[in-house]
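Colleague: Please take a close look at one part for me, the nonpolar core. Then show me how the rest of the chain relates to it.

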Amino acid sequence: MIRNRNLCKLFGQWLLLLLLFSSCSMMREDRSDCPDCRNPLRITLRYDYNIQRANMFSDHVEEATVYVVDEATGTVIDTQTAQNTSLSQPLRDPSFAFNFEGLAAGRYRLYATGRSKADSPISITTPDIAESMSKLHFSLPVAGTAVTAQRLDTLWNTLTPVDITVPENEPAEATVGLMRLTNDLNVMIFRRDNATDNSHERYDVSVTDNSPVLGYDNAPTDESPIVFKPFAAWTTETYVDENGANSSEGTLAERNAHYDLSLSRLIAHSDARQNPRLIIRSRESGRDIVNIDLCYYLALARNAYELQHYGQQEYLDREYDYRLDFGIEGSGPSETWKYMTISINVLSWSIRIQNEDL
């Protein structure tokens with residue numbers, strides 16, 4: 001009898017636990033009478049569309065805006081902006097997310113933008129609530145055809161819009177990927193025949209393009225010609241001692257010219273004549289020493305990532321930090337470039353391109 005009594009007691013305890021778990025699983029917060037609490041939507045942002053294939057959002061982006069758009073009409077339903085300040089840096093938190101409350105159940109399309117401050121701000125035209133998302137534009141600071149010769153903001157825009165269904169009285173989550181729209185280009189010029197006869201004042205360096213305004217889909221909305229000029233230019237000198245080793249003192253061995261340019265999105269057109277071009281002009285002769293299809297030559301560096309099988313445009317959109325070195329010979333009418341070196345510093349990789357026109 002004692003054994004049966006214990007069994008009954010044990011059975012009763014298990015039955016009580018089962019009822020408790022069942023009642024907990026059936027419990028749900030009723031928020032139907034709270035319209036501002038309906039249908040929460042949590043949106044996170046990622047920036048891993050880069051050569052490193054790593055999420056750099058929290059490290060690079062200083063300000064971000066998210067747009068919730070009605071999928072059927074393309075108009076903005078809601079928007080939020082967050083930014084880092086000296087007192088608070090929410091975007092540095094890897095768990096940061098935008099939280100939207102009170103959305104009606106339905107289908108939405110999500111967009112996002114990002115930026116970090118620099119010397120020369122790019123103007124962003126943003127849509128208001130009930131306006132079309134197509135109103136979003138990124139306009140370069142242009143005077144005539146010249147882009148301000150300062151470092152541009154670093155900009156990001158939506159890589160691919162995200163479609164999502166927000167259910168009735170249920171939470172939803174989504175992640176929007178970003179693509180960088182601005183690039184850094186360093187050009188270095190060295191003299192092969194007379195290494196010390198050189199300086200950054202000897203040449204004018206520029207990049208010509210025809211995309212002063214980019215739209216919400218990252219495509220140009222204006223095809224007016226523009227010219228990018230260096231925001232920094234300088235000359236470096238190398239000295240060697242009597243044994244030929246680098247030294248802070250001794251004999252001048254070479255002088256190299258350097259130029260930093262800040263560029264907008266590099267777009268490889270089906271008609272290569274529309275592509276951005278890098279031009280190096282001699283101030284002495286007024287001749288173009290270099291005049292090349294910038295997209296074609298920069299994209300050759302994708303061979304360093306052969307296993308990824310990047311196409312030309314994908315590589316140009318993933319990479320953002322380029323370096324080209326030019327070896328130049330001659331003077332006056334005979335001055336020309338003999339070869340260029342395309343470098344990827346993070347891989348210690350480079351490729352040397354001969355001037356096939358010679």
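**The core and its surroundings**

Modeller: The largest nonpolar core has 57 residues, and Tyr315 and Phe326 have the most contacts inside it. Helix α3, residues 294-299, gives the most to this core, with 5 residues. Keep in mind that this is a predicted model.

Now look at Phe326. Leave aside its neighbours within four places in sequence. Phe326 is then in contact with Val187, Met188, Ile189 and Phe190, among others. Its contacts also include Leu278, Ile280, Val290 and Ile292. Trp337, Tyr339 and Met340 complete the list. Apart from this core lies another one, of 28 residues. Ile43, Leu91, Ile164 and Leu178 are among them.

Some of these names lead to strands. Take Ile280 first. Ile280 is the bridge partner of Val205, and Ile280 sits in β21. Strand β21 covers residues 277-282 and runs antiparallel to β14, with 6 bridges joining the two. Strand β14 spans residues 203-209 and is mostly covered, since 5 of its 7 residues are buried. Strand β14 is also joined to β17, residues 226-228, by 3 bridges, and this pair runs antiparallel. There, Asp209 stands opposite Ile226 in β17.

Next, take Trp337, Tyr339 and Met340, which are in contact with Phe326. Strand β24 covers residues 336-344. Strands β24 and β25 pair in the antiparallel sense over 6 bridges. One of the partnerships links Ile344 to Trp349 in β25. Both strands belong to an open sheet of 7 strands, in the order β19-β18-β20-β13-β23-β24-β25. The pairing in this sheet is mixed. β19 (246-247) and β25 (349-354) stand at the edges, each with a single partner strand, so one side of each is left without a neighbour in the sheet. In a regular strand, side chains alternate between the two faces of the sheet.

Charged pairs come next. Side chains of opposite charge can pair when their charged atoms come close. A search of the whole structure finds 23 salt bridges. Arg191 forms one with Asp193, with the closest N and O atoms 3.5 Å apart. Arg191 counts as buried, at 5% relative accessibility. Asp193 is partly exposed, with a relative accessible area of 43%. Asp271 forms a salt bridge with Arg273, and here the closest N and O atoms are 3.1 Å apart. Asp271 is partly exposed at 28%, whereas Arg273 is exposed at 71%. Salt bridges that share partners also join Arg191, Asp193, Asp197, Arg202, Glu284 and Glu335 into one network. Lys338 forms a salt bridge with Glu329, the closest N and O atoms being 3.9 Å apart. Lys338 counts as partly exposed, at 26% relative accessibility.

Now step back to the whole chain. The protein chain has 4 helices and 25 strands. Of its 358 residues, 42% count as buried. Take the contacts with a separation of 6 or more: residues 24 or more positions apart account for 64% of them. The chain exposes about 18800 Å², and carbon and sulfur atoms supply 49% of that area.

Last, consider confidence. The chain averages a pLDDT of 89, and 88% of the residues score at least 70. Over residues 23-33 the pLDDT is below 50, and this stretch has 4 contacts in the model beyond near neighbours in sequence. Where pLDDT is low, the predicted coordinates should not be read in detail.

Notes:
Residues are numbered from 1 along each chain as its sequence is written. This is a predicted model: local features need pLDDT of at least 70, side-chain atom pairs count only at pLDDT 80 or more; totals for chains, interfaces and linings use all residues. Side-chain values use heavy atoms; hydrogens and water are left out. A nonpolar core is a set of buried Ala, Val, Leu, Ile, Met, Phe, Trp, Tyr and Cys residues joined through side-chain atoms within 4.5 Å. Buried means under 20% relative accessible area, exposed over 50%, partly exposed in between (1.4 Å probe, protein chains only). Contact means heavy atoms within 4.5 Å. Two strands pair if DSSP finds at least two bridges between them. Accessible areas come from the Shrake-Rupley method with a 1.4 Å probe; for residues, only the protein chains shown count as cover. pLDDT is the predictor's confidence in each residue, from 0 to 100. A salt bridge is a side-chain nitrogen of Lys or Arg within 4 Å of a carboxyl oxygen of Asp or Glu.
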